[in-house]
Amino acid sequence: MSQSTLNRLLTQAVGVFLGIGIAVWLLRGFGLITFIPGGLILLLFLGAIVLGVIAYAQKTWWRF
């Protein structure tokens, strides 16, 4: 797997995690899916942040 392919996959994963996190957060705020715990939403956002940091580091520092 080349560097650009891996970076593209990591960037797409950030978008997916962030998109799902925002959608769940908004739907929970509107009261449509109240059974989702807040910790799960926090984990989605933290996962997006971690993947974003890894994608940035892979793009700039790691030379595979």
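This briefing describes the overall form of the protein chain, a nonpolar surface patch and two residues of helix α1. The model is predicted, so local features need pLDDT of at least 70 and side-chain atom pairs count only at pLDDT 80 or more, while totals for chains, interfaces and linings use all residues. Residues are numbered from 1 along each chain as its sequence is written, and side-chain values use heavy atoms, without hydrogens or water.

**Overall form**
- The protein chain has 2 helices and 0 strands (DSSP runs: H or I of at least four residues for helices, E of at least two for strands).
- Its radius of gyration is 14 Å, well over the 11 Å that the globule rule gives for 64 residues, so the chain is more spread out than a compact globule; the radius is taken over C-alpha atoms, and the rule is 2.2 Å times the number of residues to the power 0.38.
- The C-alpha trace spans about 45 × 15 × 15 Å along its principal axes.

**Surface**
- About 4,600 Å² of the protein chain is exposed, 76% of it supplied by carbon and sulfur atoms (Shrake-Rupley method, 1.4 Å probe).
- Leu18, Ile22, Trp25, Leu26, Leu27, Phe30 and Leu32 form a nonpolar surface patch with about 730 Å² of accessible area together; patch residues have over 30% relative accessible area and no salt bridge, and nonpolar side chains are joined within 5 Å.
- A salt bridge requires a Lys or Arg side-chain nitrogen within 4 Å of an Asp or Glu carboxyl oxygen.

**Residues of helix α1**
- Ile22 lies in helix α1 and is partly exposed, with a relative accessible area of 37% (partly exposed lies between buried, under 20%, and exposed, over 50%).
- Asn7, also in helix α1 (residues 3-29), is buried at 13%.
- Asn7 touches Ala55, Gln58 and Lys59, not counting residues up to four places away in sequence (contact: heavy atoms within 4.5 Å).

Key:
Buried < 20%, exposed > 50% of the residue type's maximum accessible area, 1.4 Å probe, protein only. Patch = residues over 30% accessible without salt bridge, like charges linked within 9 Å, V, L, I, M, F, W, Y side chains within 5 Å.
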